[in-house]
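Got the viewer open? Let's walk through a few spots on the backbone, one selection at a time.

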Amino acid sequence: MIEKLIKIQQELKAPKNQRNNFGNYNYRSLEDILEAVKPLLAEQGIQMTLADEAFELAGIPVIKAIAVLSDGETEFVRTAVAGVDTKQKGMAIPQTFGSASSYARKYLLNGIFLIDDTKDDDATNTHGKTTSQGKELRDNSKEFMKAIQYLKDGGDINIIKGKYTLTKEVESKLISLTKIN
């Protein structure tokens with residue numbers, strides 16, 4: 001089984017075909033990884049199943065993604081976890097669990113198949129810290145209007161903060177204009 005897995009790891013190509021235009025980065029989705037790995041698993045005679053378990057840890061809902069790989073003789077089981085933000089703006093509770101599941105499964109498969117994400121969105125996201133290169137986002141500018149639409153579509157304000165310098169007034173206005181009733 002290990003030799004088969006090593007062969008898949010060496011042959012797997014999962015390019016970052018998705019684009020986040022607002023955050024200005026490319027990324028690969030869980031679906032991209034699955035599409036790339038399924039033929040290689042079949043070629044090696046390996047079946048893979050994915051499942052999730054939900055539990056609570058210190059008051060936080062958590063999704064544990066489970067991958068089981070089997071060649072009929074040997075079984076290989078690995079897990080990964082992701083917290084669920086049930087207060088995620090613009091998402092219903094089932095969507096927050098689905099998002100956490102996709103996240104956990106993606107990083108589970110990254111670990112199993114040695115997919116390098118050093119230039120992925122999570123590696124390049126500044127997580128709300130402004131950079132010295134961040135140009136100021138001005139009220140009612142074209143970029144401001146794009147930011148409003150991005151947030152209304154469920155985007156993360158931290159992506160905007162990573163790309164632009166925001167005054168308190170502009171940040172407050174962005175948040176108030178995109179609140180979901």
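Start by selecting Leu114, in the loop between helix H3 (93-112) and helix H4 (121-124). Keep in mind that this is a predicted model. Check the backbone torsion here: Leu114 isn't a glycine, yet its phi is positive, about 55°. That's worth a look, since most residues other than glycine have a negative phi. Now switch on the surface: is Leu114 buried or exposed? Leu114 counts as exposed because its relative accessibility is 59%, and the cut-off for that label is over 50%.

Next, jump back to Asn24. You'll find Asn24 in the loop between strand E1 (18-20) and strand E2 (25-27). Asn24 is another non-glycine with a positive phi, this time about 60°.

Now for the strands. Select residues 47-57 (strand E3) together with residues 60-70 (strand E4): the two run antiparallel and are joined by 11 bridges. To get your bearings in the ladder, pick Glu56 and look across to Pro61 in E4, which stands opposite. Then zoom in on the turn: the E3–E4 hairpin has 2 residues between its strands, and Ala58 takes a positive phi near 55° there.

Keep E4 selected and add residues 75-83, strand E5. How many bridges pair E4 with E5? There are 9, again in the antiparallel sense. A handy marker for this pairing is Ala65, with Ala80 of E5 standing opposite. Finish at the hairpin of E4 and E5, where 4 residues sit between the strands and Gly72 has a positive phi near 95°.

Notes:
Residues are numbered from 1 along each chain as its sequence is written. This is a predicted model: local features need pLDDT of at least 70, side-chain atom pairs count only at pLDDT 80 or more; totals for chains, interfaces and linings use all residues. Side-chain values use heavy atoms; hydrogens and water are left out. Buried means under 20% relative accessible area, exposed over 50%, partly exposed in between (1.4 Å probe, protein chains only). Two strands pair if DSSP finds at least two bridges between them.
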